[in-house]
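Visitor: I am new to this structure. Could you show me how to read its features one at a time?

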Amino acid sequence: MLETSPPSGVIFQIQRWSLHDGEGIRSTVFMKGCPLRCQWCANPESWSARPEAGFGFSLTVDELIAKLRRDAIFYRESGGGVTFSGGEPLAQPVFLHAALEACGEAGFHRAIETGAYAPWEKAAPIFNLLEEVFVDIKHMNSARHKELTGKPNTVILRNISRLLERHDNVTVRVPLVAGVNDDEANIRALCAFLQGAQALRGVEFMPYHNLGVGKYTRLGLPVPPPHAAPQGRHLEKLKDLLREGGLTVL
Ligand code: SF4
């Protein structure tokens, strides 16, 4: 009988002691490969699915679990676990599915940070394995979304609608960039889209930062023009709009 080799994946970092990607102390597994090209991306080393310029390495599910086990006691004591991020973790669905099953067998709480740009047939079995989902919405207008990220938002919003019907622990994250997606019309459209979503824990603004700029040079990519994060009263106004729309601000 033919033996199938265990699935292997390509990741570019395992960040231990992560406190911002779910409950408790977590390990965040940053996976390579992303179908989007956001103008403000801080992780261009995640775009290619292959190791490049010293970024990224392959490993099997067993090797990943062995690395994660080092911190299992901290997950248990803090109510934490493992978060898969990227890049776009759904871009490696076979490896991710196997890794999530193995994490479940090891007793690790499982979360994902995703942009939800993937065929639903591949995303749904993965969402079924997760205790918590963080999903990005970058812009509500599909044409503008395509200008900003290279892809329309149709698949993304349809996937999020389906996710919100089936999952019970979803947080929507908005990477907020001044002059790009921080206008009131966009936030009102977001409120309308999310209205009545029972599974929604809340909405979290993720202000833009420029910490990834040096990586563009290292990868031989053109450095994107600088952006800025919304500040002060404008940011508070946007949060008020979410609350007026009946959403919880996280
Ligand atoms: S989805 Fe994330 S990793 Fe992909 S291009 Fe956008 S910001 Fe970068």
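Guide: We will go through the sheet, one of its strands and the ligand shell. Keep in mind that the model is predicted.

Visitor: In what order do the strands of the sheet lie?

Guide: Read a sheet from one edge to the other. Here eight strands form an open sheet in the order β3-β1-β2-β4-β5-β6-β7-β8, with mixed pairing. At the edges are β3 (57–60) and β8 (200–207), each of which pairs on one side only. From one strand to the next, the twist averages 30°.

Visitor: In which sense do β1 and β3 pair?

Guide: Strand β1 (residues 8–18) pairs with β3 in the antiparallel sense, over four bridges. One bridge joins G9 to L59 in β3.

Visitor: And which strands does β6 pair with?

Guide: Strand β5 (residues 109–114) pairs with β6 in the parallel sense over four bridges. Between these two strands the chain passes through helix α4 (residues 120–127), a right-handed β-α-β crossover. Strand β7 (residues 170–176) also runs parallel to β6, joined by four bridges. As for single partners, I112 bridges to V133 in β6, and V135 bridges to V172 in β7.

Visitor: Why is β6 largely enclosed by the rest of the structure?

Guide: Count the buried residues: five of the five in β6 (residues 132–136) are buried, so the strand is largely enclosed. Check each face as well: E132, F134 and D136 are buried on one side, V133 and V135 on the other.

Visitor: Which residues surround the ligand?

Guide: Among them are C34, R37, N43, E88 and G115. Sorted by class, the shell has four nonpolar, five polar and two charged residues.

Notes: Residues numbered from 1 in each chain as written. Predicted model: local features only at pLDDT ≥ 70, side-chain atom pairs only at ≥ 80, totals over all residues. Buried ≥ 20, exposed ≤ 12 C-beta atoms within 10 Å, placed from the backbone. Pairing = 2+ DSSP bridges. Right-handed = clockwise from strand over helix to strand, strands pointing away. Near = placed C-beta within 6 Å. Nonpolar A, V, L, I, M, F, W, Y, C, P; charged D, E, K, R; others polar. Axes fitted to C-alpha atoms, helices over the stretch in contact; angles between N-to-C directions.
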